Amino acid sequence: MEKQTILIVEDDPDIRDGVRILLTGEGYHILEAENGLRALELMRPEVDLVILDIMMPGMSGLRVCEEIRKTSTVPILFLTAKSQESDKLLGLTAGGDDYLAKPFSFAELSARVKALLRRYCVYQGKGQTDMQTENKTLTLSGVRLALDCNRVWVEDREVDLTETEYKILKMLMQSPQRIFPVQVIYETVWGEPYYYVSNGTVMVHIRNLRTKIEADPQNPKRICTVWGKGYRFAAGEERMTR
């Protein structure tokens, strides 16, 4: 099996070396960048995951993330010394998929890396033979979603979603009109216990998702908020196709 490629972007050489040694020992192919500009030079389609420090001199990790998101849906795991909820939301708003505050244990880093890579490879279908003509799709309210890979079309225009956004959308579309509480969304998509501060994480991803699939994100017609209860996908014609 071909090794998965991880790009580590970290200005602290000790942290970068430690992460590289850990992940190399687990069989990953590692690329390293000491700053944001070098990270963008190393970005290529073969990269399966980016581990990105937020606080770097010159180009910040947030800016790097925004640049990567212009061309790629690769999962991005932020590393930062900041642990406040507002800093986490900034990273997620910029397009990040997960967040790990320093200092962190290598066991926790390894678990998050494996979870992000597993979801990315499943939903993107990386490493598998291209069989898009046989993919099952779900169409609802003008949105068509491939059920076995991260591909989504809105009114026949393909849109790029991160794997987290895709997983949320898939969950909502598979049970239209069902109201999903934030706790259910968070624990299902992130696979972690829910805490009150997780509300902001889900809210940011819903907002990003709406900007991609709604004609007017300020007045959403597809992903609706049910105040005090959660979110649901609007009713409409639903069909399964091959």
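**Helix H1 and the sheet**

I started with helix H1, residues 13–25, and found it lying across E1, E2 and E3. Against E2 it runs at about 170°. Note to self: this is a predicted model.

Helix H3, residues 61–69, was next on my list; it packs on the sheet too, touching E3 and strand E4 (76–80). The direction of H3 makes about 175° with that of E4.

Then I looked up the sheet. What is the order of its strands? I read E2-E1-E3-E4-E5, an open sheet of five strands with parallel pairing. Strand E2 (29–33) and strand E5 (98–101) stand at the edges with a single partner strand each, so one side of each has no neighbour in the sheet. Direction ignored, neighbouring strands here are turned by 20° against each other on average.

I picked one pair to follow. Strand E1 (residues 5–9) runs parallel to strand E3 (residues 47–53), and five bridges join them. For Ile6, the bridge partner in E3 is Leu49.

**After E5**

I walked on from E5 into the loop that leads to helix H5 (106–124), which is where Pro103 sits. The peptide bond joining Lys102 and Pro103 is cis, with omega about -5°.

**The cores**

Which residues have the most contacts inside the largest nonpolar core? I noted Leu169, Ile223 and Phe233, in a core of 28 residues. The elements giving two or more residues to this core are strands E6 (137–140), E7 (143–146), E8 (152–154) and E11 (230–233), together with helices H6 (163–174), H7 (182–189) and H8 (198–213). H6 gives the most, with six residues.

There is also a second, separate core, which has 22 residues. I wrote down Leu31, Ala39, Leu52 and Ile54 as being among them. Background reminder: nonpolar side chains tend to be buried together in soluble globular proteins.

I went back to Phe233 and listed what it touches, leaving aside residues up to four places away in sequence. The contacts include Leu140, Ser141 and Val143, then Leu169, Leu172 and Met173, and also Ile213 and Ile223. Pro176, Gln177 and Arg222 are on the list as well.

**Two positive phi values**

Ser141, one of the Phe233 contacts, turned out to be odd in its backbone: its phi is positive, about 55°, although it is not a glycine. It lies in the loop between E6 and E7. Buried or exposed? Neither, as Ser141 has a relative accessible area of 23% and counts as partly exposed.

I found another case at Glu155, a residue other than glycine with a positive phi near 50°. This one is in the loop between E8 and strand E9 (157–159). Glu155 is exposed, with a relative accessible area of 55%.

**H7 against H8**

At what angle do the axes of H7 and H8 cross? I noted roughly 80°, with the axes coming within 10 Å. The two helices are therefore roughly perpendicular to each other.

On the H7 side I found Val182, Ile185 and Tyr186; they meet Ser198, Asn199, Thr201 and Val202 of H8. Sorted by class, this contact has four nonpolar residues, three polar ones and no charged ones.

**Arg178**

Arg178 is in the loop between H6 and H7. Its relative accessibility is 42%, so I put it down as partly exposed. What does it touch? Val184, Tyr231 and Arg232, not counting residues up to four places away in sequence. I also checked C-alpha atoms: those of Arg178 and Ala234 are separated by 9.2 Å, though the two residues are 56 apart along the chain.

**The E10–E11 hairpin**

Tyr231 from the Arg178 contacts came up again in E11, as the bridge partner of Thr225. Strand E10 (residues 223–226) pairs with E11 in the antiparallel sense over four bridges. Three residues lie between the strands of this hairpin, where Gly228 takes a positive phi near 80°.

**Whole-chain tally**

Last entry, the totals. I count eight helices and 12 strands in the protein. The protein has 242 residues, and 51% of them count as buried. Among contacts with a separation of 6 or more, 59% are between residues 24 or more positions apart.

Methods. Residues numbered from 1 in each chain as written. Predicted model: local features only at pLDDT ≥ 70, side-chain atom pairs only at ≥ 80, totals over all residues. Heavy atoms only, no water. Core = buried A, V, L, I, M, F, W, Y, C linked by side-chain atoms within 4.5 Å. Buried < 20%, exposed > 50% of the residue type's maximum accessible area, 1.4 Å probe, protein only. Contact = heavy atoms within 4.5 Å. Pairing = 2+ DSSP bridges. Axes fitted to C-alpha atoms, helices over the stretch in contact; angles between N-to-C directions. Parallel < 35°, antiparallel > 145°, perpendicular 65-115°, else oblique. Nonpolar A, V, L, I, M, F, W, Y, C, P; charged D, E, K, R; others polar.
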